[in-house]
Amino acid sequence: MFFGAVSTDVMAAVETSFLYSLSNTSGTIPYSWANLFIDEERNEIYVVDTREQDIRIFNDKGMEIYRFGNDGSLGTIVDVAVKKDGSILVLSRRRPKSAIILCNFRGEPLAELQLKNLPSDLLNFSPDRIAYRKGLLYLLNSSSMRIVVTDTNGAFQKDYDLGSLVGVEDKKRADTQIDGFSVDREGNMLFTIPVLFAAFTLSPDGQISGFGRPGSAPGRFNIVGGIVADDNGNYYVADKLKCAVLIFDKNFKFLKEFGYRGLRPSNLIGPKNLVLDTRGRLYVSQRRSRGISVFQITHRPQTAEP
Amino acid sequence: MKLTKLLLVVMAACLITLGLSLTSYALHDDGVAHCDACHTMHNSEDGNTVAAGAVGPHLQIGADPSSTCLTCHAGYGQFSDGSAYRAGGDFYWVTKDYTWSAHGRPQASTGDSHGHNVIAADETGLDADATLTTAPGGTYSANQLGCNSCHDPHGSQGNESLLYGAEDTAFDYPGGYTFVNPAPVFLNAGRTKDVTDSDHSAFGSGMSEWCANCHAGFYNAVGKHPAGNNTGAALNGEASNYNAYVATGDLSGVQATSYWEMIPFEDGATDTSGLDRTSTMGPDSTGNVMCLSCHRAHASAFPNIGRWYFEDTLMLEDSHPMITDTGATQEDVDNMYYGRVIPAGQRSFCNKCHVQD
């Protein structure tokens, strides 16, 4: 029962293979828990190093091609997104509210994006994560468990109270917190809550679904981190303590997990943030200066369970 | 071998008890709810054993206890980028060395001196103290220091900060290290909260005595600043100074609004029922100085884990890190005083009690 949830046939439906780690001409860059963004228009990977306070851009071969932000001009960088036209939005931590800084393709600041027409209860909203999808910005405050959606000019479109949807009281939100956050191609918002050992999907019309059970057996969650979805509807969830990435199908059925703590290239140590590019490459940020590991995801026709 | 088998049996029992339930538990609720949140039973890859030595002791998934703790607590601001204004302080500061020149001589404020140097192999920069081999004023080995040196990962004492109590033995300390003094009476500000003068930890009693479990030589010894629940550390007349002090040259404050998170005190309470995290009330004469009145518990931007730069004359002008220091960033300078507005001409915060400015 407890250990019998894994089907060997089903597990073979998705294959993963380690490709390389993001590097420059000196070798693998020893990131720890960096934030990631995929610019799908240009097949470029953005990596935010909150410790070194810079943003590096990598090409589709995993090699560094540009770096900016390390001159202090962008303040305390926490996250980044790239608009369709290539302009860059840098989320910078400030008090009392963080700032969204619009930059050109060189990373030079042009203006500060102001949030407009916010409802009265969100006037002090201060995001700590940013995502971009199809002309919309998705701004998350992980402590208050709120998402605000705006257009690319900062005009309010919609908001989601994730805490209410998940059933977390206001006073417990700061100690609950959201960790992983992404937006899939259909505009579904994906997020994880480590202390609930759970991952969630939220459709644009507000329908929420959750999955996950605590445990260390395959398919169970220890301390979940990043979450992304592929075009087949599969979900990829990083587990920081289990040191693995878990894969679930669109019905949240566990398919397989991979990585595991170790020193081989294909192993993972503290995987946290995930992004997936248009060619099925999964980028995994880790701790212990292990950098960003890149895996090729391959789908095979799924055979029936015995 | 027997110990390992016993551990496996206990952990399996926990898994069967907790793992079959559909209920989700928060970690550390009534102790650690899930053994397998921090320990692994199935650390294997497709049936193969993970590389030898890669798994932490006691089947922890982190390389060591602190690495395991920081898997979650780094994200709560305990090891961030200095911008998380947590009550205990951000271990980020121990990774920062600042150097400058004064009067033609090189000066330094080293990361080692900025905090308790917890060892976390999975994190970059959290290594054993390179200067001290034992706790100042005590014998606790610096090469054994971790989160688990002060906090009981299994929370047997029942206090919200999981601090060890009297007769507890620090987890995993070779040969054992037994605490003599009980856990302090206080309410912590919360692991995810930025502290302010109206939202902070609230201290009752016993903090300095508890620190003395490792730093006994600093506890009310001859030639040391008094601290603790005894007459020598009572604020007495300094309470009036504390309450009146607003800034250098400004003694217009009143007790009702005089509390500074930057310089907390104990009110002498022996249980937590009357403690208030939102109180802005300053002390009365029976309040007392404690170690944490001047030092943070985890780390700060300053030497000696000071809450401020002890060597300055003028805080705004003299505090390091300065933007001109090698190793400093503008963010470090902005964050070192937790965003507190320091007026020009402000002299050392020692004056909050002593008013010598």
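**Exercise 1. The kink in α2(B)**

Find where α2(B) in this predicted model kinks, and by about how many degrees.

*Solution.*
Step 1. Locate the helix: α2 of chain B covers residues 65-78.
Step 2. Find the centre of the kink, which is B:C72.
Step 3. Read the angle there: about 55 degrees.
Step 4. Check the span. A straight helix of 14 residues, at 1.5 Å a residue, would reach 20 Å. The end C-alpha atoms of α2(B) are only 15 Å apart, so the helix falls short.

**Exercise 2. The surroundings of α2(B)**

Decide how many residues of α2(B) are buried, and why the helix counts as largely enclosed.

*Solution.*
Step 1. Apply the cut-off: a residue is buried under 20% relative accessible area.
Step 2. List the residues that pass. They are B:P65, B:S66, B:S67, B:T68, B:L70, B:T71, B:C72, B:A74, B:Y76, B:G77 and B:Q78.
Step 3. Conclude. Because 11 of the 14 residues are buried, the rest of the structure largely encloses α2(B).
Step 4. Set this beside the chain: 48% of the 357 residues of chain B count as buried.

**Exercise 3. One residue of the helix**

Is B:C69 buried or exposed, or in between?

*Solution.*
Step 1. Place the residue: B:C69 lies in helix α2 of chain B.
Step 2. Take its relative accessible area, 27%.
Step 3. Compare with the limits: buried is under 20%, exposed is over 50%. B:C69 is therefore partly exposed.
Step 4. Look across the fold. B:P153 is 84 residues from B:C69 in sequence, yet their C-alpha atoms are 8.4 Å apart.

Note on methods:
Residues are numbered from 1 along each chain as its sequence is written. Chains are lettered from A and ligands numbered from 1 in the order in which they are written. This is a predicted model: local features need pLDDT of at least 70, side-chain atom pairs count only at pLDDT 80 or more; totals for chains, interfaces and linings use all residues. Side-chain values use heavy atoms; hydrogens and water are left out. Buried means under 20% relative accessible area, exposed over 50%, partly exposed in between (1.4 Å probe, protein chains only). Helices (H or I, at least four residues) and strands (E, at least two) are DSSP runs, numbered from the N terminus. The expected span of a helix is 1.5 Å times one less than its number of residues. The bend at a residue is the angle between axes fitted to the seven residues ending there and the seven starting there.
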